[in-house]
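Q: Could you take me through one part of this protein slowly, as if I were seeing a sheet with its helices for the first time? I would also like to know what else is worth a look afterwards.

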Amino acid sequence: MPTPPSSDKRPSPEALLRQARREERGELKIFLGAAPGVGKTYAMLAEGAALKRDGVDVVVAVVETHGRAETEALLAGQEIVARREQQYRGRTLNEMDLDAVLRRAPTLALVDEYAHTNVEGSRHPKRWQDVAELLDAGIDVYTTLNIQHVESLNDVVASFTRVRVRETVPDSVFEGAEIKLVDLPPDELIDRLKDGKVYVPQEASRALGHFFSKPNLSALREMALRRAALSVDRQMLQDLDAGGVAGTYAAGERILVAISEQPGADALVRTAKRLADGLNAPWTAVHIETTRSESFDEETQRRIAAALALAATLGATIATIPAENVIAGLRGQIEAQRATQLIIGRSQRSWWFELRHGSVVETLIRGSQDLAIHVIPSPDALATEGWRKGWTRDWGRPLAYPAALLLIAATTVLAKLAQPLIGRGAIDLLYLVPVIFTATLYGLRPGLFASVAAALAFNFFFLDPVHTFTVSDPQSVLTMLILTGVAAVTSNLAGRLRTRARIGVRSAEENASLAAFGQALARASDREATAIATCEEVSRLLDVRCVMLAEQDGTLRPIVARPREATISPVDQAAAEWAWSSGEPAGRGTNTLLASDWQFHPLKTGLGVLAVLGVARDDDRAPISADKATLLSTLLGQAALAHERLHLEDEMRSLSVLEERDRLRAALLSSIGHDLRTPLTGVTAAIEALGAEHPDTLSLPTARAELSRLRRFLDNLVELVRIDAGGIRLSMASVDLTDAVAGVVHDLKDLLRGHHIDFQVPASLPFVRTDERLLHHILLNLLANAVQHGGNTGPITIAGRRTRDALLLTIRDRGAGLEPGTEKTIFDTFAQGVGSDRHGGSGLGLAIAKGFADALGIGISAANHPDGGGAFTLTFPDHLVVTMPE
């Protein structure tokens with residue numbers, strides 16, 4: 001149990017080492033916020049200015065004010081280190097001058113935007129790495145960070161904001177850092193956005209409709225509060241360990257679940273998982289291994305291993321701790337982890353068992369101070385089954401008892417021979433030798449049997465009357481009783497030490513093997529090397545044949561086997577595929593496909609099943625013995641994490657390639673868009689001059705039409721770059737679709753010449769709330785697409801209608817329609833139809849329309865009309881439809 005804070009507790013060596021390393025470096029303080037605009041930079045500058053007034057040597061290494069007047073005002077009077085200019089693709093960019101800050105060597109450096117990505121060619125790719133170098137130089141650093149830039153939270157943030165943040169910092173940067181939460185309620189932040197204090201008004205309007213919605217800001221705020229609390233709790237525990245301070249210090253919840261050999265352990269694990277989720281607290285599942293663990297049968301050992309494996313699957317930290325008894329082991333774990341809540345099961349033990357061993361639950365409850373204990377009763381039937389098995393527990397090897405009798409007989413012969421020399425008074429001590437030897441060699445109960453046999457032999461052969469079990473001298477009775485008691489206690493202690501030593505040796509061997517296995521996996525740089533390391537270690541530690549299967553070309557195939565000649569049959573292949581698809585073990589020794597000679601285990605992580613490991617034996621025994629089940633579970637967990645690391649590395653490499661491709665594409669489009677403007681202007685002027693001098697030139701209309709087409713293509717290029725750069729600015733207003741469509745038709749009158757426009761947009765349709773300029777661009781591209789793919793003179797239908805929850809606007813041509821399966825991909829950049837009339841052109845118009853529609857919150861879809869031709873539909877959801885008051 002946790003002791004009062006005044007008790008004597010030794011400081012943790014690991015905590016002292018962390019503290020010593022921290023004292024050698026500068027101190028890091030992170031101003032953490034939920035989103036841009038909460039005031040992180042302002043708070044950092046204000047605190048830096050206050051320290052400067054107090055005489056601290058403070059410099060501003062880099063700060064981004066984003067045009068906010070109140071933030072820029074705080075820079076007055078501050079020493080600012082000039083930024084380093086660096087050329088990048090013909091542009092001059094400014095970055096923090098790391099070398100200048102190091103030469104200046106201030107006491108404190110203010111570094112804004114911790115997650116910033118440095119320009120290519122900098123010493124470090126990320127700014128947090130620059131900060132690490134400043135800290136290593138002994139310079140304290142204040143920096144700012146938004147919660148969405150934390151690596152472990154990146155996927156969670158993207159799941160509800162629909163924005164993937166590319167600039168992230170690893171969670172390890174919080175180690176030893178001081179966290180200052182800069183908090184602002186969502187309503188106040190939204191008011192700041194509307195007032196233009198975060199972004200310029202046009203950008204603020206778009207932000208309010210997307211990332212800065214109130215639900216998003218509330219979720220981000222909760223994540224920031226929880227992450228700050230987690231860092232503070234972790235820092236507090238490290239300081240307590242370094243100072244040797246005892247006590248729970250329940251500022252944050254920490255849950256411990258005790259896994260015993262009794263049935264119902266899986267219910268404890270699930271209860272702990274629900275409690276941990278409800279409290280958002282870390283939790284640990286621990287099994288205390290005592291001398292009794294040696295006598296557990298195979299079913300009991302499997303039950304313990306299954307409970308620990310379930311806990312690991314549900315996200316717990318698992319541990320098996322050797323201890324003198326369960327109470328001492330649990331108290332040690334509670335104190336080491338400073339647990340605030342304990343979940344433990346209580347079975348229906350017999351009074352005889354509790355008399356001998358005591359009640360773990362009652363002892364913990366009586367001694368608890370600031371620990372909440374959740375007692376989960378075990379089912380009566382299962383508890384009774386466990387009680388019955390207690391009476392039939394293994395009493396040791398059968399040969400142990402004859403061997404004990406032989407040792408007692410040999411000691412008796414030796415004592416008879418030595419009696420004339422040493423006398424009868426020292427003979428009783430000789431009988432301790434076979435008792436201790438038996439207990440050490442064979443265990444506790446054979447040792448107790450030897451103690452009783454030794455007392456009887458001493459009585460029969462050496463106490464008067466000799467050769468009887470009658471004792472005439474009261475002193476001899478006392479001697480025999482003392483001999484029996486000493487022998488029993490000695491055998492008990494010897495047996496316990498033997499069992500404890502065996503458990504300790506096994507734990508040490510397994511821990512050493514796991515450490516070596518972890519290092520081997522860390523050195524592996526590809527899947528094949530990881531599979532080889534896994535198979536070799538599993539085969540060596542568990543004395544089994546091993547095979548690793550992974551997906552190749554859509555098929556699950558063996559990639560590594562140990563020994564190399566190990567093969568699997570079609571039945572084994574079926575079991576492996578079931579384990580792959582279901583994520584559950586299959587094969588021999590499981591509940592599925594028992595006919596297989598192999599037992600298959602999926603390597604399952606948060607990314608799914610990444611591989612399958614199979615184990616088998618050459619004899620008829622089960623592939624994995626019960627006492628090795630926990631070891632196998634740990635090995636599988638490490639192997640799964642290694643495969644997950646490789647998978648994520650592959651994804652990062654692929655993402656880097658995609659990012660580079662997108663960057664090059666954006667640069668190319670931007671360059672083409674700007675470079676074409678000058679010659680296009682010259683061509684336009686030349687055509688207009690030619691038309692003024694020779695208005696009857698036959699090719700003049702064609703030149704003007706192609707020039708108009710080229711200008712639209714150029715506009716599409718520019719707009720596509722704006723979409724990719726996130727630079728679309730919305731100006732929302734009420735728009736009449738009748739006027740909007742009429743305006744587009746008028747602008748394309750030259751292109752539409754010869755086409756019949758079937759105008760079916762009722763004047764009674766309600767207005768829609770949208771950006772008129774962007775809607776015009778969407779309709780312009782859709783109508784131009786209909787002209788291009790609807791035939792030379794084919795009619796074009798523009799129809800609008802109101803539904804129960806939306807307003808629909810459809811543009812239909814009379815061409816050959818879309819190729820089946822391309823209804824969604826037709827909106828991809830540069831996408832063109834194959835095998836239909838959807839070919840030719842730049843492939844940008846529909847991509848532009850889709851990008852603008854997404855920015856406006858308008859749905860856009862493509863389909864083939866039942867009467868022929870392609871139909872493109874804009875769906876204005878109900879919240880964009882302006883309802884006029886009655």
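A: Here is a walk through one sheet, followed by a second sheet and a few other spots.

First, some ground rules: this is a predicted model, in which local features need pLDDT of at least 70 and side-chain atom pairs count only at pLDDT 80 or more, while totals for chains, interfaces and linings use all residues. Residues are numbered from 1 along each chain as its sequence is written, and side-chain values use heavy atoms, with hydrogens and water left out.

Let's begin with the parallel sheet. Five strands make an open sheet in the order S10-S9-S8-S11-S12, with parallel pairing. Helices (H or I, at least four residues) and strands (E, at least two) are DSSP runs, numbered from the N terminus, and two strands pair if DSSP finds at least two bridges between them. At the edges you will find strand S10 (317-322) and strand S12 (372-377), each of which pairs on one side only. On average, neighbouring strands of this sheet are turned by 25° against each other, direction ignored. Follow strand S11 (residues 341-346) and you can see six bridges joining S11 to S12, in parallel. One place to spot this is Arg346, whose bridge partner in S12 is Pro377.

Now add the helices. Helix H10 (residues 265-279) packs on the sheet and touches strand S8 (255-258), strand S9 (283-289), S11 and S12; contact here means heavy atoms within 4.5 Å. The direction of H10 makes about 160° with that of S11. For such angles, axes are lines fitted to C-alpha atoms, for helices over the stretch in contact, and the values run from 0 to 180 degrees between N-to-C directions. Helix H12 (residues 326-337) also packs on the sheet, touching S8, S9, S10 and S11, and its direction makes about 150° with that of S9.

For comparison, look at another open sheet, where five strands follow the order S14-S13-S17-S16-S15 with antiparallel pairing. Strand S14 (555-562) and strand S15 (586-587) each have a single partner strand, so one side of each is left without a neighbour in the sheet. Seven bridges pair strand S16 (residues 599-605) with strand S17 (residues 608-616) in the antiparallel sense, and Phe600 has Gly614 in S17 as its bridge partner. Helix H21 (residues 527-542) lies across strand S13 (545-552), S14 and S17, at about 55° to S14. Helix H22 (residues 570-582) lies across S13, S14, S15, S16 and S17, at about 145° to S17.

In the loop between S14 and H22 sits Pro563, joined to Arg562 by a cis peptide bond with omega of about 0°. Another backbone detail is Glu113, a residue other than glycine with a positive phi, near 55°; Glu113 is in the loop between strand S5 (108-111) and helix H5 (127-136). Most residues other than glycine have a negative phi, and most peptide bonds are trans.

Finally, a search of the whole structure finds 16 salt bridges, each a side-chain nitrogen of Lys or Arg within 4 Å of a carboxyl oxygen of Asp or Glu. One of them links Lys29 and Glu178, with the closest N and O atoms 3.8 Å apart. Lys29 lies in strand S1 (residues 28-33) and Glu178 in strand S7 (residues 178-182), so this pair ties together parts that are 149 residues apart in sequence.
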